[in-house]
Every structure is written in structure tokens, then in C-alpha cells.
Amino acid sequence: MRILVLNGPNLGRIDLRDSAIYGDMNFVALKNLIVEAGKEMNLECDVRQSDSEVEMISWLHEAAEENLPVVINPAAFTHYSYAIRDAADMVSAPLIEVHLSNPMSREEFRHTSVISGVANGTIAGFGPDSYRLALIAISRMAK
Ligand code: DQA
């Protein structure tokens with residue numbers, strides 16, 4: 001089964017951000033980890049990253065049109081993008097929100113997710129394993 005794994009702004013430079021929060025893995029390594037974890041579960045993971053809200057929305061439209069499950073780390077869009085929320089709401093296949101860090105244990109502005117209400121579930125705080133756990137959830141929901 002093919003799925004989209006969408007990553008929002010600044011995640012393409014994850015290795016240059018605060019390593020105490022995000023670890024040392026760069027985006028290419030993260031992408032490889034997701035692809036390999038997906039293969040173990042018979043999921044073909046199409047992993048993408050964009051700093052553009054417009055592009056993220058177009059990818060969610062693609063998921064809605066092609067009925068593809070989605071794992072999404074909306075990054076900072078999580079906290080304010082109603083446009084991404086509305087696009088995510090149009091996806092009828094399972095959609096899981098993930099975060100590397102636990103936004104609830106960070107600054108107050110990160111405590112709000114405008115995406116969670118339209119996601120099937122949220123997994124946060126486990127570093128790259130957040131994605132692995134989301135893939136497990138997707139593969140179980142597909143059965
Ligand atoms: C993040 C958490 C967000 O608050 C932040 O803006 C990010 C990354 C995470 O994966 O922990 O860019 O989504």
C-alpha cells in the first residue's frame with residue numbers, strides 16, 4: 001500500500017536545529033529510516049518535505065483524490081494553519097499527525113494543534129520512532 005509521509009517547514013534542516021530537542025539525524029537519514037520501516041510493514045512510503053503551505057495543501061489534495069493514507073508532521077503549521085487543517089479534513093483515508101518532540105512539554109504556543117481535530121490520532125515525543133509508530137497505526141487501520 002502506498003502512503004504519503006508529509007513534512008512541513010524547517011524539517012528539511014532538522015540536523016541544524018536544536019539537537020537537544022530534535023537529535024542529530026538529518027532529513028535524508030530520517031527519510032531512509034521511514035522508507036525502510038515502511039517496507040517492513042508492506043507500506044510504500046512517499047516521503048516529502050516542504051517549507052511551503054501551498055505545496056503541503058496540494059499534497060493533501062492529492063491524498064484526498066487518490067485515497068492515500070497520510071502521516072503528516074506539519075511542523076510549525078501545526079499551531080496555526082487552518083488551511084492545512086481544512087485540506088487534511090478532506091482526506092478520507094487514515095491520517096496520523098506526528099511530531100519528533102512533544103509540543104505539550106515545550107513553549108505554550110506549541111500546545112495548540114489545529115490539525116489534531118481532523119487526524120485519526122497524534123504521536124509525539126518519540127523522535128524518529130514517532131514516524132515508525134504512526135506507520136504501525138496506519139498498517140493496522142488498513143486491515
Ligand atoms: C515539530 C514540533 C513543532 O512545534 C515545530 O514547529 C517543528 C517540529 C516536531 O516534530 O517536534 O518544526 O513538529
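**View 1. Val-71, a buried residue of strand β3**. Val-71 counts as buried because its relative accessibility is 1%, and the cut-off for buried is under 20%. This is a predicted model. Strand β3 spans residues 70–73 and holds Val-71. Leu-6 is 65 residues away from Val-71 in sequence. In space, the C-alpha atoms of Val-71 and Leu-6 are 6.2 Å apart.

**View 2. The shell around the ligand**. Which residues surround the ligand? They are Arg-17, Tyr-22, Asn-73, Ala-75, Ala-76, His-79, His-99, Leu-100, Ser-101, Arg-106 and Arg-110. Sorted by class, this shell has four nonpolar residues, four polar ones and three charged ones. The ligand occupies the largest pocket.

**View 3. Ligand oxygen distances**. Three residues of the shell are shown here, each with its distance to an oxygen atom of the ligand. For His-99, an N or O atom of the side chain is 2.8 Å from a ligand oxygen. For Arg-110, a polar side-chain atom lies 2.9 Å from a ligand oxygen. For Ala-76, the partner is a polar backbone atom, 3.2 Å from a ligand oxygen. How much of the ligand's accessible area does the protein cover? On its own, the ligand has 320 Å² of accessible area, and the protein covers 99% of that.

**View 4. Ser-50 in the loop between β2 and α3**. Strand β2 covers residues 44–49, and helix α3 covers 53–66. Ser-50 is found in the loop between them. Is Ser-50 buried or exposed? Ser-50 counts as buried, because its relative accessibility is 3% and buried means under 20%. The side chain of Ser-50 makes a polar contact with the side chain of Glu-55. The length of this contact is 2.7 Å.

**View 5. Thr-122, partly exposed in strand β5**. Strand β5 runs over residues 121–124 and includes Thr-122. The relative accessible area of Thr-122 is 40%, so Thr-122 is partly exposed. Ala-134 is 12 residues from Thr-122 along the chain. A distance of 8.2 Å separates the C-alpha atoms of Thr-122 and Ala-134.

Key. Residues numbered from 1 in each chain as written. Predicted model: local features only at pLDDT ≥ 70, side-chain atom pairs only at ≥ 80, totals over all residues. Heavy atoms only, no water. Near = heavy atom within 4 Å. Polar contact = N/O pair within 3.5 Å; in protein donor to acceptor, adjacent residues only side chain to side chain. Areas by Shrake-Rupley, 256 points an atom, 1.4 Å probe, with all protein chains shown as cover. 1 Å grid on protein atoms, 1.4 Å probe; cavity = no way out; pocket = protein on both sides within 12 Å on 5 of 7 lines; lining within 4 Å. Sits in = over half its atoms within 2 Å of the grid points. Nonpolar A, V, L, I, M, F, W, Y, C, P; charged D, E, K, R; others polar. Helix = DSSP H or I, 4+ residues; strand = E, 2+ residues; numbered from the N terminus. Buried < 20%, exposed > 50% of the residue type's maximum accessible area, 1.4 Å probe, protein only.
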